[in-house]
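Here is a short tour of a protein model, written for someone new to reading structures. Keep the picture open as you go and try to find each spot for yourself.

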Amino acid sequence: EYLVRFKAAREAAGVELWSLLIDDGDINDSENGDRDREWILSWIDDAHALGAKCARVIGGKQHPTQQNLMRTHEQLKRLAIDGYLREIHVLTENWYPTLSTPENVHQVLDGLEGAVGLNFDFGNWGGESKYENLADIVEYAEGSHAKCDYRDGKPDVEDFTRCLQIAADADYSGPFTLVYGEPGRVWESLDEQRELVRPYL
């Protein structure tokens, strides 16, 4: 009943529900992966009931061994089929150990032929190779978490715009999901980020 009321209110307000974020479960856990996939599928059912277009699934929390990467590939394939039957497109994200490098992202997503897309997160990877690594996986991006870091109350414009430019250079056409940068300044920081994103729309 709650899902029905939520969907009705969302539609009445003219709000699109792009993606439901499923923030738990470990599909490549050797003992509980199948159980967690079924639990994730129950949330994909909820995503359908809410009228979402996509659902984002964690690619795995295990160390990225060859066996674990293959397990993630197969589990995502199964979820993609089940999602398709529910009119939900499955995404995963460059997040957690299994998808912690471009090489791992390629190995899992190559061969799925777009059945599983990527939620391209600006803030999950760091270090000197951050921009090179993000540029290496942006080809899969269908959604994004456009995260802007804040320091001393000010947005890190250089980092944020470099990530936006990576998306632009790849002709990215999906949504930019803004993530507020500072406790206590939620709406102000979102307004600041929106202005930074506007030239890339």
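Where does E87 lie? E87 sits in the loop between helix 3 (66-85) and strand 3 (89-93). Keep in mind while looking that this is a predicted model.

Is E87 buried or exposed? E87 is exposed, because its relative accessible area is 62%, and the cut-off for exposed is over 50%. E87 still has some company: leaving out residues up to four places away in sequence, E87 touches H48, A52 and K53. As for W39, 48 residues apart from E87 along the chain, the two C-alpha atoms are separated by 18 Å.

**The strands around that loop**

Let's step back to the strands in this part of the chain. Strand 1 (residues 19-22) runs parallel to strand 2, and four bridges join them. Strand 2 also pairs with strand 3 in the parallel sense, over three bridges. Strand 2 (residues 54-57) has C54 and R56 pointing one way and A55 and V57 pointing the other way, and all of them are buried.

How are these strands linked along the chain? Strand 1, helix 2 (residues 33-50) and strand 2 make a right-handed β-α-β unit. Strand 2, helix 3 and strand 3 make a right-handed β-α-β unit too.

**Further along: strand 5**

Strand 5 (141-147) is one of the elements that cover the buried residues of helix 6. Strand 5 is itself mostly covered, with five of its seven residues buried. Strand 4 pairs with strand 5 in the parallel sense over four bridges, while three bridges join strand 5 to strand 8, again running parallel. Strand 4, helix 5 and strand 5 make up a right-handed β-α-β unit.

If you'd like to find the pairings on screen, here are some residues that stand opposite each other:

| Residue | Partner | Strand of the partner |
|---|---|---|
| L20 | A55 | strand 2 |
| R56 | L91 | strand 3 |
| F120 | S144 | strand 5 |
| A146 | L178 | strand 8 |

**Helix 6, from start to finish**

Just before the helix comes D156, in the loop between strand 7 (154-155) and helix 6. The side chain of D156 reaches the backbone nitrogen of D159 at 3.2 Å. Setting aside neighbours within four places in sequence, D156 is in contact with C148, D149 and R151.

Helix 6 itself (residues 157-169) has 13 residues and reaches 18 Å from its first C-alpha to its last, close to the 18 Å expected at 1.5 Å a residue. Which residues of helix 6 are buried? They are D159, F160, C163, L164, I166 and A167. Looking down the axis of helix 6, these buried residues fall within an arc of 150 degrees, so they line one face of the helix. There's a handy rule behind patterns like this. An α-helix has 3.6 residues a turn, so residues three or four places apart point the same way.

What covers the buried residues of helix 6? The cover includes strand 4 (116-121), helix 5 (130-137), strand 5, strand 8 (177-179) and helix 7 (186-197). On the other side of helix 6, E158 and D169 are exposed. Just after the helix, D171 takes a positive phi of about 60 degrees.

Conventions:
Residues numbered from 1 in each chain as written. Predicted model: local features only at pLDDT ≥ 70, side-chain atom pairs only at ≥ 80, totals over all residues. Heavy atoms only, no water. Helix = DSSP H or I, 4+ residues; strand = E, 2+ residues; numbered from the N terminus. Expected span 1.5 Å × (residues − 1). Buried < 20%, exposed > 50% of the residue type's maximum accessible area, 1.4 Å probe, protein only. Arc of directions from axis to C-beta. Contact = heavy atoms within 4.5 Å. Polar contact = N/O pair within 3.5 Å; in protein donor to acceptor, adjacent residues only side chain to side chain. Pairing = 2+ DSSP bridges. Right-handed = clockwise from strand over helix to strand, strands pointing away.
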